[in-house]
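Here's a quick briefing to read with the model open in your viewer. We'll go through charged pairs, strands and core packing in turn.

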Amino acid sequence: MQGETKTHLREFQERLSERLRNASGTSRAARLGLAIGDQRWLVDLAEAGEIVPIPTQMTPVPLTRDWFKGLVNLRGTLFGVSDLMRFSGDVFTPVSKESRLLALAGNLNLNAALVVTRMLGLHDSTAWRPDPSRAHWAPWAGRCLVDGEGRDWFELSLSRLAGDEQFLSVGRQ
């Protein structure tokens, strides 16, 4: 049973990776949707790296901020894992069996991954309307877009997050 679950998960990851590779030739508006807590986010596919289930082994790092969850080994490379909700001053991101880690793309030159409550698939936001009254306060967050069902989605710039001084300062002060 466990081997069968791993096989299905591996097949799902392979299909998702293939879809992401194929989407690179699609409209620039096609973005990866994800939920972090109860907020919906859109990530540019060029900034998104590997998506993996949250590993059972995460090595905590002493004397770091509480939003820095620790280190994980993803395919032989160490990645620092951060909780974006907690980094924003909110509660910790709820984690379930649907939760994933979203690694930043290699071209961002930062081995970092974010805790994601669940993945929401690919979305084309060209027809969505911006809502300037719901702008997010963080420098790594972009506009708020409202989809056809009236749901708010925030743009998440992983490149701006990777250059954010506070995000890079994981040590306690």
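**Salt bridges first**

Arg-31, Arg-143 and Glu-155 are linked in a network of salt bridges. Keep in mind that this is a predicted model. The structure holds seven salt bridges, and a few of them are picked apart below.

**The Arg-31 / Arg-143 / Glu-155 network**

- Glu-155 and Arg-31 meet through their side chains, with a 2.8 Å N to O distance in the salt bridge.
- Glu-155 sits in strand β11 (residues 152–156) and Arg-31 in strand β1, so this pair ties together parts that are 124 residues apart in sequence.
- Burial here comes down to the cut-off: buried means under 20% relative accessible area, so Glu-155 at 15% counts as buried.
- Arg-31 also has 15% relative accessibility, so it counts as buried too.
- The other link in the network is Arg-143 to Glu-155, where the closest N and O atoms are 3.0 Å apart.
- Arg-143 belongs to strand β10 (residues 141–146) and Glu-155 to β11, so the parts tied together are twelve residues apart in sequence.
- Arg-143 is partly exposed, with a relative accessible area of 42%.

**A salt bridge elsewhere**

- Arg-75 pairs up with Glu-50 in a salt bridge, and the closest N and O atoms are 2.8 Å apart.
- Arg-75 is in the loop between β4 (68–74) and β5 (77–82), while Glu-50 is in strand β3 (residues 48–53), so the pair ties together parts that are 25 residues apart in sequence.
- Arg-75 is exposed, with a relative accessible area of 71%, whereas Glu-50 counts as partly exposed at 28%.

**Strand β1 and its partners**

- Strand β1 (residues 30–36), home of Arg-31, is mostly covered: seven of its seven residues are buried.
- β1 pairs with strand β8 (residues 118–124) in the antiparallel sense, over six bridges.
- Look for Ala-35 there: its bridge partner in β8 is Arg-118.
- β1 is also joined to strand β2 (residues 39–44) by six bridges, again running antiparallel.
- Leu-32 stands opposite Val-43 in β2.
- The hairpin of β1 and β2 has two residues between the strands, and Gly-37 takes a positive phi near 65° in it.

**The open sheet**

- Five strands make up an open sheet in the order β3-β6-β7-β5-β4, with mixed pairing.
- β3 and β4 stand at the edges with a single partner strand each, so one side of each is left without a neighbour in the sheet.
- On average, neighbouring strands of this sheet are turned by 30° against each other, direction ignored.
- β4 and β5 run antiparallel and are joined by six bridges.
- Within that pair, Val-72 stands opposite Phe-79 in β5.

**Core packing**

- The largest nonpolar core has 29 residues, and Leu-102, Trp-140 and Leu-158 touch the most other members.
- Leaving out residues up to four places away in sequence, Leu-102 touches a list of residues including Leu-32, Val-43, Ile-51, Leu-114, Val-116 and Leu-158.
- Two names in that list, Leu-32 and Val-43, are the ones that stand opposite each other across β1 and β2.
- Leu-102 also touches Glu-50, which you met above as the salt-bridge partner of Arg-75.
- A second, separate core has nine residues, among them Val-52, Leu-74, Ala-103 and Val-115.

Conventions. Residues are numbered from 1 along each chain as its sequence is written. This is a predicted model: local features need pLDDT of at least 70, side-chain atom pairs count only at pLDDT 80 or more; totals for chains, interfaces and linings use all residues. Side-chain values use heavy atoms; hydrogens and water are left out. A nonpolar core is a set of buried Ala, Val, Leu, Ile, Met, Phe, Trp, Tyr and Cys residues joined through side-chain atoms within 4.5 Å. Buried means under 20% relative accessible area, exposed over 50%, partly exposed in between (1.4 Å probe, protein chains only). Contact means heavy atoms within 4.5 Å. Helices (H or I, at least four residues) and strands (E, at least two) are DSSP runs, numbered from the N terminus. Two strands pair if DSSP finds at least two bridges between them. A salt bridge is a side-chain nitrogen of Lys or Arg within 4 Å of a carboxyl oxygen of Asp or Glu. Axes are lines fitted to C-alpha atoms, for helices over the stretch in contact, and angles run from 0 to 180 degrees between N-to-C directions.
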